[in-house]
Amino acid sequence: MQSYVTIIPMNKKLIVGNWKMNPVTLDEAKKIARKIKRASDSLVSVETVICPPFPFIVSCTSKNESKFFHMGAQSVSVEVDRGPFTGEVSATMLKEIGVKYVIIGHSEQRARGESDSIVSKKVKAVLDAGLSPIICVGEASRDEAGAYLDTLKNQIKQSLADIPAKFSSDIVLAYEPIWAIGAQEAMKNEDIYESSLFVKKVFSDLFGPDAGVKVKVLYGGSVNYRNAPDIIAIGKVDGLLVGRESVNAPGFVELLKAVDLLK
Ligand code: PEP
């Protein structure tokens with residue numbers, strides 16, 4: 001099947017807003033989406049993705065096409081297309097409504113039973129449908145001896161098990177140390193740099209050095225408009241996965257503008 005995944009210029013930062021189960025009303029969702037879309041239209045070095053809850057995706061989609069503002073989904077079924085799978089939403093359906101990215105393996109989903117093997121099946125389903133998976137990985141805690149690096153490596157390898165190399169350029173990795181999600185502070189910028197390099201290294205072991213250089217690695221965990229520029233500049237990540245701040249329209253717009261200034 002032909003992939004229609006957008007090729008993002010290497011210098012564009014990818015900023016993804018994971019709205020989680022927010023907001024409660026459709027009206028509120030549309031307002032937030034409108035404000036973010038309007039701001040993103042004037043940016044030059046940022047690609048913006050918002051991931052509203054399933055029922056709001058269509059209404060949050062702008063009628064005015066934009067090359068660098070896209071819709072994402074927060075999850076997807078392992079089943080590719082259609083069938084007797086009550087409660088499930090397929091990647092094909094998401095593509096049909098204009099979704100380009102799908103978050104897979106978020107720690108909140110993993111905590112409810114989404115294993116690496118399920119993640120790998122979802123990644124395959126999303127890629128087969130011509131969409132881009134944003135695969136979340138991250139350790140639950142850190143130790144002096146560095147065992148967390150093995151955890152991270154295994155998670156990446158297993159989440160990407162059986163994924164053909166031809167898809168490597170469509171994959172986005174989000175490094176999200178679990179202890180930094182929903183916390184007071186983000187991880188230290190220097191540690192983000194070290195981890196993002198490690199994630200790229202594991203990816204290059206799987207798909208080759210060229211793929212390792214090109215893959216976009218995002219950081220997620222307590223990002224806001226104040227810390228975002230340094231996380232990108234010092235942490236040297238290719239973008240951000242933002243939770244709480246992404247449904248706070250003024251804060252998220254500030255964040256996008258601050259990252260755009262980095263050029
Ligand atoms: C997340 O849930 O992916 C996340 C990064 O959340 P927050 O930004 O609120 O820490």
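Helix H6, residues 147–159, and helix H7, residues 189–207, have axes that come within 10 Å and cross at roughly 40 degrees in this predicted model. Angles under 35 degrees would count as roughly parallel; H6 and H7 are therefore oblique to each other. Their crossing is right-handed.

A second helix pair can be read in the same manner. Helix H1 covers residues 26–40 and helix H10 covers residues 249–260; the two pack with their axes 10 Å apart, at an angle of about 20 degrees. This angle falls under the 35 degrees cut-off, and H1 and H10 are therefore roughly parallel to each other. H1 passes H10 in a right-handed crossing.

Following the chain back from H1 leads to the loop between strand E1 (13–18) and H1, where Pro23 has its place. The peptide bond that joins Asn22 to Pro23 is cis, and its omega is near -10 degrees.

Another loop with a backbone feature to note is the one between strand E7 (216–220) and helix H9 (228–235), which contains Ser222. Ser222 is not a glycine, although its phi is positive, at about 60 degrees. Asn227 is found in this loop between E7 and H9 as well. The Asn227 side chain makes polar contacts with the backbone: one reaches the oxygen of Ser222 at 2.9 Å, and another reaches the nitrogen of Asn224 at 2.8 Å. The residue with the positive phi, Ser222, is thus also one whose backbone oxygen is reached by the side chain of Asn227.

The ligand remains to be described. Around the ligand there are 15 residues, of which Lys20, His106, Glu176, Gly182 and Arg244 come nearest. By class, the shell divides into 4 nonpolar, 7 polar and 4 charged residues.

Which atoms of the protein lie at 2.6 Å, 2.7 Å and 2.9 Å from an oxygen atom of the ligand? At 2.6 Å there is a polar side-chain atom of Arg244. At 2.7 Å there is a backbone N or O atom of Gly182, and at 2.9 Å a backbone N or O atom of Gly243. Gly182 and Gly243 thus approach ligand oxygen through the backbone, whereas Arg244 does so through its side chain. On its own the ligand has 290 Å² of accessible area, and the protein covers 99% of it.

Notes
Residues numbered from 1 in each chain as written. Predicted model: local features only at pLDDT ≥ 70, side-chain atom pairs only at ≥ 80, totals over all residues. Heavy atoms only, no water. Near = heavy atom within 4 Å. Polar contact = N/O pair within 3.5 Å; in protein donor to acceptor, adjacent residues only side chain to side chain. Areas by Shrake-Rupley, 256 points an atom, 1.4 Å probe, with all protein chains shown as cover. Nonpolar A, V, L, I, M, F, W, Y, C, P; charged D, E, K, R; others polar. Axes fitted to C-alpha atoms, helices over the stretch in contact; angles between N-to-C directions. Helix = DSSP H or I, 4+ residues; strand = E, 2+ residues; numbered from the N terminus. Parallel < 35°, antiparallel > 145°, perpendicular 65-115°, else oblique. Left-handed = near helix turned anticlockwise from the far one by under 90°.
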